[in-house]
Amino acid sequence: MMSAKAVLRVEKIPLSGACSHNFREYTNENDATNVDKNRTEYNQILIGGNSTKQVFEAQEKRLIGVKGTKQKPPKNYKSGEPQELVKNIELDFSASAEYFFKNHDQSYYESLVMKNPNDHEKINTYWNNHLDQDKLEAWKKEVMKFVAKEFGDKCISAILHLDEKCPHIHIEVV
């Protein structure tokens, strides 16, 4: 049996790309193959607005008076079009499945693939039978306590995703 692991990914990312994923605003359905749309309603906004527009407004409010934020965006070296200045980092918090699920069956869980729509119902059943809500809530509380301490009002958005294979929180920091 493997022991549970904490997972943190940090990436400098344009807010537009982060928001399209976090709010499930895909222009191409093939970009959402790792999402079970039947569970998207269970996602939770923990900090910030409930739309891309509101998160961008929070970013602009946060940047008022910050030196260099009114500079002209650079041109894309291939297309020549102006490109978005990256003013945002995204932190993705998660843990290995052993933490979130009671009586976790590692080999069965690993055999399930979100990109296979036929596995969505199996994953949903696994969540319903094994998700430890108390651990999920304790983990969520600790992540948000850490984010408040480390980033304060620099955090403009936090969204818990429960419609993918394993729970995770996307944090947007300006």
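**Exercise 1. Determine which side chain meets Arg-62 in a salt bridge, and where in the chain the two partners lie.**

Solution. The side chains of Arg-62 and Asp-153 meet in a salt bridge, with 3.9 Å from N to O. The pair connects distant parts of the chain: Arg-62 belongs to helix 2, Asp-153 to the loop between helix 6 and strand 4, and the two are 91 residues apart. The model is a predicted one.

The next step is to classify the partners by accessibility. Arg-62 has a relative accessibility of 26% and therefore counts as partly exposed, since that class lies between the limits of 20% and 50%. Asp-153 has a relative accessible area of 58% and is exposed.

**Exercise 2. Examine helix 2: establish whether its length agrees with the expected span, and which residues are buried.**

Solution. Begin with the length. Helix 2 comprises the twelve residues 52–63, which at 1.5 Å a residue should span 16 Å. Its end C-alpha atoms are 17 Å apart, in agreement with that value.

Next, list the buried positions. These are Thr-52, Val-55, Gln-59 and Leu-63. Because they cover an arc of only 75° around the axis, they lie on the same side of helix 2. The general basis is that an α-helix has 3.6 residues a turn, so residues three or four places apart point the same way.

Then turn to the other face. Lys-53 and Lys-61 are exposed residues on the face of helix 2 turned away from its buried side.

Finally, identify the cover. Helix 1 (15–22) and strand 4 (155–161) are among the elements that cover the buried residues of helix 2.

**Exercise 3. Derive the arrangement of the sheet from its strand order, and state which helices pack on it.**

Solution. The sheet is open, has five strands in the order 1-3-5-4-2, and is paired in the antiparallel sense. Strand 1 (6–12) and strand 2 (44–47) stand at the edges, each with a single partner strand, so one side of each has no neighbour in the sheet. On average, neighbouring strands are turned by 20° against each other, direction ignored.

The pairings can now be followed one by one:

- Strand 3 (residues 89–95) and strand 5 (residues 168–173) pair antiparallel over six bridges; Phe-93 has Ile-169 of strand 5 as its bridge partner.
- Strand 4 and strand 5 run antiparallel and are joined by six bridges; Cys-155 stands opposite Val-173 in strand 5. These two strands form a hairpin with six residues between them.
- Strand 2 and strand 4 run antiparallel and are joined by three bridges; Gln-44 stands opposite Leu-160 in strand 4.

As to burial, seven of the seven residues of strand 4 are buried, so strand 4 is largely enclosed by the rest of the structure.

The packing helices complete the solution. Helix 1 packs on the sheet and touches strand 3, strand 4 and strand 5, its direction making about 150° with that of strand 5. Helix 6 (residues 133–151) also packs on the sheet. It touches strand 2, strand 3, strand 4 and strand 5, and its direction makes about 15° with that of strand 5.

**Exercise 4. Describe helix 5 by its span, its two faces and its internal salt bridge.**

Solution. Helix 5 has 14 residues and reaches 20 Å from its first C-alpha to its last, close to the 20 Å expected at 1.5 Å a residue.

Its buried residues are Asp-119, His-120, Ile-123, Asn-124, Tyr-126, Trp-127 and His-130. They cover an arc of only 160° around the axis, which puts them on the same side of helix 5. Helix 3 (97–100) and helix 4 (106–111) are among the elements covering these buried residues. The face turned away from the buried side carries the exposed residues Asn-118, Glu-121, Asn-128 and Asn-129.

For the salt bridge, consider Asp-119 and Lys-122, whose closest N and O atoms are 3.8 Å apart. Both lie in helix 5 (residues 117–130), three residues apart, about one turn of the helix. Asp-119 is buried, with a relative accessible area of 6%, whereas Lys-122, at 41% relative accessibility, counts as partly exposed.

**Exercise 5. State how many salt bridges the structure holds, and characterise the one formed by Asp-36.**

Solution. The structure holds eleven salt bridges. Asp-36 forms one with Arg-39, the closest N and O atoms being 3.9 Å apart. Both Asp-36 and Arg-39 are buried.

Methods: Residues numbered from 1 in each chain as written. Predicted model: local features only at pLDDT ≥ 70, side-chain atom pairs only at ≥ 80, totals over all residues. Heavy atoms only, no water. Helix = DSSP H or I, 4+ residues; strand = E, 2+ residues; numbered from the N terminus. Expected span 1.5 Å × (residues − 1). Buried < 20%, exposed > 50% of the residue type's maximum accessible area, 1.4 Å probe, protein only. Arc of directions from axis to C-beta. Contact = heavy atoms within 4.5 Å. Pairing = 2+ DSSP bridges. Axes fitted to C-alpha atoms, helices over the stretch in contact; angles between N-to-C directions. Salt bridge = Lys/Arg side-chain N within 4 Å of Asp/Glu carboxyl O.
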